[in-house]
Amino acid sequence: LITLVFPSVLPESARYADAAREHGVRTVGASSLEQDPNARRFDDWAFLPLISDPSFFDALELLIIEHGIGAIYTPHAPSFHLFEHQLPSRLPGVRLLGVGPFKRQMAAVRESFDAAAAGRLGIERFAGQRIPMWPAALAGLLAQADRLYGECSQQKILALCAIFADAPVGDVVEIGALYGKSTYVLNRLALSFKVGATLAVDPWNLDLSVQIDAPLNIQQASGGWDWEVVYQGFLLNMLGCSAPPFNYLRATSVDANAHYKDSRIVTSPEFGATTYTGQISVLHIDGNHDESSVDQDLRTWSPQLMPGGWIVFDDYYWPHGNGPRQIADRTLAEYGERVTRHFVGGGAMFIKVSV
Ligand SMILES: C[S@@+](CC[C@H](N)C(=O)[O-])C[C@H]1O[C@@H](n2cnc3c(N)ncnc32)[C@H](O)[C@@H]1O
């Protein structure tokens, strides 16, 4: 089936052509520009008049015959509207693909609000109480997080909402940011619940992050990333959707802690200078998952945990090793009565510690 993608100038049209090629589908791009910057992304490209031009359908018919086109895809709302109403009578042999931008975009909004309505129940289960959060705020949090690549499931986000509603005012520290998916969630919740400044820590360096406890193929998979690009991806995501007070340290957890303890001010070219209190309200441990590394992260950062603060051990349930689980279980045993709440959510262990 040869597909016409119109108007080819839209970024979504070009992405559609890339995906179609991966699926072995030929595409013909067309738009009303003499020089379309996306023209090379399609197997063939042609000029078509504007949809408001009286000659549009005649030109379209010629193009369809010339290239043997059987279907049309458009991400452009007015074009979809026109095709939906006119194609069946004017070119009955040509199929209009997909539900179109109107239904697709509105469905995405409805799905986000449905996810938020269902998610609210999940948050309240984790929190044991009602949590003040606008439906649109929760829908937006879930939808935005979903756009970011990373390892932070929806259940874990709901559990994070629950703990931020019961977190003291202080710093929010994340060890292990990757592209910043959970960083975004922590930063957004820290602002919504007026908790404090967020600090993300990651060396973005393959040699400094090998997980020797994990099976060899999991260790090797990390080499599939170009860590400079992952770091750039983190900046791209955070500059796009973080809000101050926010900063990061490109360092291992241990080196970052030395700086955090001594200076309280973190400076980066992208986010300027951020002042931290030196007292941690939420500590998210999601760096190297080897038992010795999780242990080191905990021992390095927990002295700054404040009364009523939370420690989150990511991947408490992890198919590739037991590091986070061993250390989380040991923490529960060592802290004993000082643990005022704990639960597992989205595969992570959440522990609230009193004085
Ligand atoms: C599982 S990923 C983090 C996932 C991320 N939190 C998310 O939401 O997608 C683990 C990250 O820990 C980082 N890391 C490895 N060793 C580290 C260390 N010693 N200190 C801090 N981060 C480390 C890695 O570079 C990697 O980006």
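In this short talk I will go through the ligand site, then the strand pairing, and finally a few backbone details of this structure. Please keep in mind throughout that what we are looking at is a predicted model.

Let me start with the ligand, which sits in the largest pocket. Around the ligand there are 20 residues, and the closest of these are Glu151, Ser182, Asp202, Ser253 and Asp286. If we sort the shell by residue character, we find seven nonpolar, eight polar and five charged residues, and if we ask instead which elements contribute, β6, residues 171-175, and α7, residues 181-192, each supply at least two residues of that shell.

Turning to individual contacts, there are three that I would like to point out. Aspartate 286, which is one of the closest residues, places a polar side-chain atom 2.7 Å from a nitrogen atom of the ligand. Serine 182, also listed among the closest, has a polar side-chain atom 2.8 Å from a ligand nitrogen atom. With leucine 178 the contact comes from the backbone, where an N or O atom lies 3.3 Å from an oxygen atom of the ligand. As for how much of the ligand is covered, on its own the ligand has 600 Å² of accessible area, and the protein covers 92% of that.

Now to the strands. Five of them make up an open sheet with parallel pairing, and the order across this sheet reads β3-β2-β1-β4-β5. Which strands stand at the edges? They are β3, residues 44-47, and β5, residues 95-96, and since each has a single partner strand, one side of each is left without a neighbour in the sheet. For β3, we can look at the pairing in some detail: β2, residues 27-31, runs parallel to β3 and pairs with it over four bridges, with glycine 29 opposite tryptophan 45 of β3.

An antiparallel example is found further along the chain, where β9, residues 265-268, and β10, residues 272-275, pair over four bridges. These two strands form a hairpin, with three residues between them, and within the pair threonine 267 stands opposite alanine 273 of β10.

Finally, some backbone details, beginning with two cis peptide bonds. One runs from phenylalanine 6 to proline 7, with omega near -10 degrees, and proline 7 is placed in the loop that connects β1, residues 2-5, with α1, residues 11-22. Another cis bond leads from proline 244 to proline 245, with omega near 0 degrees; here proline 245 belongs to the loop between α9, residues 227-241, and β8, residues 246-249.

The last residue I want to mention is tryptophan 204, which is not a glycine and yet has a positive phi, near 40 degrees. Tryptophan 204 is found in the loop between β7, residues 198-201, and α8, residues 216-221.

Technical notes
Residues are numbered from 1 along each chain as its sequence is written. This is a predicted model: local features need pLDDT of at least 70, side-chain atom pairs count only at pLDDT 80 or more; totals for chains, interfaces and linings use all residues. Side-chain values use heavy atoms; hydrogens and water are left out. A residue is near a molecule or strand if one of its heavy atoms lies within 4 Å of it. A polar contact is a pair of N or O atoms within 3.5 Å; within protein, one must be able to donate a hydrogen and the other to accept it, and residues adjacent in sequence count only if both atoms are side-chain atoms. Accessible areas come from the Shrake-Rupley method with a 1.4 Å probe; for residues, only the protein chains shown count as cover. On a 1 Å grid over the protein atoms alone, a cavity is a set of points where a 1.4 Å probe fits but cannot get out, and a pocket is an open set with protein on both sides within 12 Å along at least five of seven lines; lining residues have an atom within 4 Å of a point. A molecule sits in a cavity or pocket if more than half of its atoms lie within 2 Å of its grid points. Ala, Val, Leu, Ile, Met, Phe, Trp, Tyr, Cys and Pro count as nonpolar, Asp, Glu, Lys and Arg as charged, and the others, Gly among them, as polar. Two strands pair if DSSP finds at least two bridges between them.
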